[in-house]
Amino acid sequence: MIKLNPKSSQKIVSFLLLLATIIAIIPVVIIIFIIIKNGYSAISWEFLTALPKDGMRSGGIFPAIVGTLSIVFSAILITLPIGVCAAIYLNEYAKDNLLTRIIKLTIVNLAGIPSVVYGLFGFGIFVMFLGFGVSIIAGAFTLSIMELPVIITTARGALNSVPQSFREASLALGVSRWQTIRHIVLPNALPGILTGAILSIARISGETAPILFTAAAFYVPHLPQSPFDQVMALPYHLYIISTQIPNMPKNIIFGTALVLLIMVLSMSIVAIIARIYFRNRRKW
Amino acid sequence: MQKHQAKREKNMSKIKDDIIEKIIFLCGILSIVFVTLIFAFLLKEGISFFRESSFINFILGKFWYPSSTPPEFGILSLIVGSFIVTVGACAIAVPIGIMSAVYISEFAPKSIRDILKSLVELMAAVPSVVIGFVGMVTVAPLVRSLLDIPTGLTAFTGSLMLAFMAMPTIVTISEDAIRSVPWEYKEGALALGATKWQTIRRIVLKAAMPGIIGAIMLGIGRVIGETMAVMMITGNAAHIPSSIFEPVRTMTATIAAEMGETVKGGLHYRALFAIALVLFSITFLVNFIADMFLGKSKNK
């Protein structure tokens with residue numbers, strides 16, 4: 001074997017590492033490309049605003065879009081205040097004791113529970129035990145518990161990045177602890193918290209397993225009237241039409257995937273750019 | 001008089017503060033409540049299943065025939081299915097993930113670092129049902145024709161797609177760990193005449209190892225729990241495969257596929273909760289270990 005001198009081996013290594021990075025990045029580009037290429041022909045005003053027809057094989061996906069939006073926004077309305085309060089507790093009040101360590105451990109584990117287990121739990125508690133039935137509200141509660149650890153973690157990061165001196169200056173003026181948090185810490189942490197919230201909305205818009213038995217319906221020919229209605233949901237609809245319905249026109253499946261992808265990715269990109277922007281703009 | 005009123009207002013605002021702080025505390029401990037609730041709920045249904053069917057037969061039983069008479073509830077083939085898919089995904093994602101983390105944190109020009117990181121994170125944003133669909137219509141036929149096997153819906157195809165889903169977790173968390181290695185370590189090695197790569201390999205990677213292991217564990221947790229993509233790509237055959245180029249069925253896919261068909265409270269229903277209990281325990285353990293390593297890497 002040829003013994004390489006350190007300089008040329010460094011060149012080879014840096015090339016290999018670049019190659020690995022490209023391999024890590026390329027799949028998402030290919031997936032987006034495939035879906036746009038095959039799906040854009042299906043996108044039309046009718047596709048976005050009409051009801052499905054002919055056993056889903058034609059018509060639009062309007063009820064699925066409305067269903068997903070109603071589940072997701074109900075979920076974020078539930079989870080955002082709770083998650084931010086939990087983050088405030090951990091970052092501003094909690095002492096370094098056993099209780100805090102247990103809370104942190106449970107947050108980590110909540111984040112690790114498989115989404116389908118959340119689905120099962122949500123079915124057992126919200127659909128059956130609390131009697132909500134398969135409904136928007138049952139799906140929203142299930143997703144909100146699932147998203148809680150993500151909201152807590154990002155909100156904590158945002159609170160943590162507010163310099164300690166801001167708090168000290170306020171407290172030194174005799175302002176109470178909660179007033180300091182309310183008027184000094186929270187406003188400064190707000191961009192970070194909102195970025196996290198947008199990322200969460202993006203993430204749960206694409207979740208299928210948790211709403212499989214808690215909210216999603218195969219086909220509902222009208223828009224939801226109340227939070228206790230079953231709804232069609234975009235990710236579930238994609239699953240159904242790509243696996244359960246024979247002779248489904250390919251461009252409708254790809255079109256549905258494209259709408260879902262645009263919804264999820266546009267929110268993620270907004271959040272990612274906002275994060276970079278606020279990080280660079282920060283003066284401290 | 002005015003003084004009195006001011007004092008009362010101050011008292012009022014103190015009471016308000018107290019109430020708000022109580023609410024904040026309650027929200028703080030809510031995650032404990034939820035984890036306990038989920039565990040208790042799975043345990044309740046799971047235990048009632050194990051009253052009628054032994055735990056050993058459940059874990060080691062080779063046959064999963066929930067609707068035959070008498071039904072058989074052995075999840076060994078499902079555990080093996082989850083295990084194979086996970087190991088396969090890690091074999092692909094771990095080396096590539098760590099290499100890209102090293103590249104992004106140490107080699108990439110500053111100007112494109114944020115772009116590379118964002119692109120890696122973008123993959124995490126693609127819904128698993130979309131990945132499953134693309135895998136089903138593009139990757140699976142490709143695997144089938146390249147390897148000349150009867151179906152492209154195999155454990156291998158699943159591993160491949162899941163590897164890319166685990167990649168963002170592994171890359172971003174490893175990158176954090178590598179970047180948080182103190183400057184002095186690198187400067188010391190570079191001052192002694194080591195090249196950049198020697199420094200990275202012998203000093204930086206060693207120092208960042210706990211964080212990298214934590215990242216890998218979190219990636220594993222993500223793969224084990226993945227449901228939709230796995231259900232759509234791995235072929236869903238509940239048998240123990242002889243190679244990774246055969247269809248398998250995972251624990252998650254079994255729950256997702258069969259929950260809709262069960263009778264509430266029936267044996268099959270409770271068996272699915274028992275699978276969820278097993279899944280919960282595995283992911284709890286994996287995330288606990290990940291957290292231990294990540295905690296270690298932060299304390300440095």
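Reader: Among contacts in chain A between residues at least 6 apart in sequence, what percentage joins residues at least 24 apart?

Author: In this predicted model, chain A has 10 helices and 2 strands, and along the sequence these follow the pattern α-α-β-β-α-α-α-α-α-α-α-α. When the contacts in chain A are limited to residues at least 6 apart in sequence, the share that joins residues at least 24 apart is 76%.

Reader: What percentage of the residues of chain A counts as buried?

Author: The C-alpha atoms of chain A fill a box of roughly 70 × 70 × 35 Å, taken along the principal axes. Of the 284 residues that make up chain A, the part that counts as buried is 51%.

Reader: Is chain B more spread out than a compact globule or not, and what radius of gyration does chain B have?

Author: The secondary structure of chain B comes to 11 helices and 2 strands, and from the N terminus on its elements run α-α-β-β-α-α-α-α-α-α-α-α-α. For 300 residues the globule rule gives 19 Å, and because the value for chain B is well over this, the chain is more spread out than a compact globule, with a radius of gyration of 25 Å.

Reader: How far apart are the centres of domain 1 and domain 2 of chain B?

Author: Chain B is divided into domain 1, residues 2-51, and domain 2, residues 64-299. The contact between them takes 8 residues from domain 1 of chain B and 8 residues from domain 2 of chain B, and on the domain 1 side these are 5 nonpolar, 2 polar and 1 charged by class. Taken over C-alpha atoms, the centres of the two domains are separated by 35 Å.

Reader: Which helix of chain B gives the most to the side of chain B that touches chain A?

Author: Across the interface, 73 residues of chain B are in contact with 72 residues of chain A. With 16 residues, the element that gives the most to the chain B side is helix H1, residues 2-50.

Reader: How many residues of the side of chain B that touches chain A are nonpolar?

Author: The residues on this side of chain B divide into three classes, with 16 of them polar and 7 charged. The nonpolar residues of that side number 50.

Reader: At what angle do helix H10 of chain A and helix H4 of chain B pack?

Author: H10(A) covers residues 250-281 and H4(B) covers residues 110-125, and their axes lie 10 Å apart. The contact involves residues including A:Leu265 and A:Ile272 of H10(A) and B:Leu122 and B:Ala125 of H4(B), and by class it has 6 nonpolar, 2 polar and 2 charged residues. The crossing in which H10(A) passes H4(B) is right-handed, and the two helices pack at an angle of about 145°.

Reader: Is A:Leu265 buried or exposed?

Author: A:Leu265 lies in helix H10 of chain A, and across the interface it touches B:Leu122 and B:Ala125. Within chain A, its C-alpha atom is separated by 9.8 Å from that of A:Ile32, although the two are 233 residues apart along the chain. Because A:Leu265 has 20 C-beta neighbours inside 10 Å, A:Leu265 counts as buried.

Reader: Which residues of H10(B) are buried?

Author: Helix H10 of chain B covers residues 251-258, and 6 of its 8 residues are buried, so this helix is largely enclosed by the rest of the structure. The buried residues are B:Met251, B:Thr252, B:Ala253, B:Thr254, B:Ile255 and B:Ala256.

Notes. Residues numbered from 1 in each chain as written. Chains lettered and ligands numbered in written order. Predicted model: local features only at pLDDT ≥ 70, side-chain atom pairs only at ≥ 80, totals over all residues. Contact = placed C-beta atoms within 7 Å. Helix = DSSP H or I, 4+ residues; strand = E, 2+ residues; numbered from the N terminus. Nonpolar A, V, L, I, M, F, W, Y, C, P; charged D, E, K, R; others polar. Domains from an automatic or database assignment. Buried ≥ 20, exposed ≤ 12 C-beta atoms within 10 Å, placed from the backbone. Axes fitted to C-alpha atoms, helices over the stretch in contact; angles between N-to-C directions. Left-handed = near helix turned anticlockwise from the far one by under 90°. Rg over C-alpha atoms; globule rule 2.2 N^0.38 Å. Lists of a residue's contacts leave out its neighbours within four places in sequence.
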